[in-house]
Amino acid sequence: ALAFVYCIGALKVLSANTDNSIGEILVQYGVLQVLERHLITCNTSNEMNSEVKSNLLIQILGALRNLCDIPATEKLLAEMGVCEQLQYTMTHHYNDPEVLLNSCRLLSRMSLFTDMCNALSHNNDILNYFSRL
């Protein structure tokens, strides 16, 4: 499991490439869908060690945040339902300040896009959660 955390961490580092060329290649190869799938797995798995799950979520959320700067990402993230997964992550990991911080950082970056703002505005659960923060 720890090796998987490092693997996702490597994707996060690659996605932080300053000229976005590596990030664009990652998006073309479907890394957003892979990250979404692992986000869902982390959110639904009861068998995963909580420390490993926390570290994995931090890496996944960081990679998604880094990929937000790529033009093709905006529409994909809105269509994939990442908002719902973030809401689930935030409500089920509210005692983990690092996961919560990285979730908010991703939402902050995603809120720069019109498609994501529309998706967020139609998600009453996440709006209620923000009002409780």
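Reader: Which residues does Gln85 touch, not counting residues up to four places away in sequence?

Author: In this predicted model, Gln85 is found in helix H6, which runs over residues 82-92. With a relative accessible area of 17%, Gln85 falls under the 20% cut-off and is therefore buried. Once residues up to four places away in sequence are set aside, the residues that Gln85 touches are Leu39, Ile40 and Asn43.

Reader: Is Asn43 buried or exposed, and what is its relative accessibility?

Author: Asn43 lies in helix H3, residues 31-44. Leaving aside neighbours within four places in sequence, Asn43 is in contact with Leu57, Gln85, Tyr88, Thr89 and His93. Asn43 counts as buried, its relative accessibility being 5%.

Reader: Which residues of H6 are buried?

Author: Eight of the eleven residues of H6 are buried, so this helix is largely enclosed by the rest of the structure. Gln85, with its relative accessible area of 17%, is one of the buried residues. The full list for H6 is Val82, Cys83, Gln85, Leu86, Gln87, Thr89, Met90 and Thr91.

Reader: How many of the 18 residues of H4 are buried?

Author: Helix H4 covers residues 50-67, and at 1.5 Å a residue it should span 26 Å, which agrees with the 26 Å between its end C-alpha atoms. H4 is largely enclosed by the rest of the structure, because the number of its 18 residues that are buried is 15.

Reader: Which residue caps the N-terminal end of H4?

Author: The cap rests on a side-chain oxygen that lies 2.6 Å from the backbone nitrogen of Glu51. H4 itself consists of residues 50-67. The residue that supplies this oxygen, and caps the N-terminal end of H4, is Asn49.

Reader: With which residues is Met48 in contact, leaving aside its neighbours within four places in sequence?

Author: Met48 has its place in the loop between H3 and H4, and it is partly exposed, with a relative accessible area of 22%. Its C-alpha is 28 Å in space from that of Met110, a residue 62 positions apart from it in sequence. With neighbours within four places left aside, the contacts of Met48 are Cys42, Lys53 and Leu56.

Reader: Which side chains meet in a salt bridge?

Author: Side chains of opposite charge can pair when their charged atoms come close. The structure holds one salt bridge, and its N to O distance is 3.2 Å. The two side chains that meet in it are those of Arg109 and Asp69.

Reader: How many residues apart are Arg109 and Asp69, and which parts of the chain does the pair link?

Author: Arg109 is partly exposed, with a relative accessible area of 25%, and Asp69 is also partly exposed, with 45%. The pair links distant parts of the chain, since Arg109 sits in helix H7 (residues 97-110) and Asp69 in the loop between H4 and helix H5 (73-80), and the separation is 40 residues.

Reader: What arc do the buried residues of H7 cover around the axis?

Author: H7 has 14 residues and reaches 20 Å from its first C-alpha to its last, close to the 20 Å expected at 1.5 Å a residue. Its buried residues are Val99, Leu100, Asn102, Ser103, Leu106, Leu107 and Met110. These residues lie on the same side of H7, because the arc they cover around the axis is only 165°.

Reader: Which residue caps the N-terminal end of H7?

Author: Here a side-chain oxygen lies 3.1 Å from the backbone nitrogen of Glu98. The residue that carries this oxygen, and so caps the N-terminal end of H7 by a contact within the 3.5 Å limit, is Asp96.

Reader: What distance separates the C-alpha atoms of Thr18 and Asp69?

Author: Thr18 lies in the loop between helix H1 (2-15) and helix H2 (21-28), and it is exposed, with a relative accessible area of 80%. Along the chain, Thr18 and Asp69 are 51 residues apart, while the separation of their C-alpha atoms is 9.8 Å.

Reader: What radius of gyration does the chain have?

Author: The chain has nine helices and zero strands, and its C-alpha trace spans about 40 × 35 × 20 Å along the principal axes. Of the contacts with a separation of 6 or more, 73% are between residues 24 or more positions apart, and buried residues make up 47% of the 133 residues. A compact globule with 133 residues would have a radius of gyration near 14 Å, which agrees with the value for the chain, 14 Å.

Conventions:
Residues are numbered from 1 along each chain as its sequence is written. This is a predicted model: local features need pLDDT of at least 70, side-chain atom pairs count only at pLDDT 80 or more; totals for chains, interfaces and linings use all residues. Side-chain values use heavy atoms; hydrogens and water are left out. Helices (H or I, at least four residues) and strands (E, at least two) are DSSP runs, numbered from the N terminus. The expected span of a helix is 1.5 Å times one less than its number of residues. Buried means under 20% relative accessible area, exposed over 50%, partly exposed in between (1.4 Å probe, protein chains only). A polar contact is a pair of N or O atoms within 3.5 Å; within protein, one must be able to donate a hydrogen and the other to accept it, and residues adjacent in sequence count only if both atoms are side-chain atoms. A salt bridge is a side-chain nitrogen of Lys or Arg within 4 Å of a carboxyl oxygen of Asp or Glu. The arc is that of the directions from the helix axis to the C-beta atoms. Contact means heavy atoms within 4.5 Å. The radius of gyration is taken over C-alpha atoms; the globule rule is 2.2 Å times the number of residues to the power 0.38.
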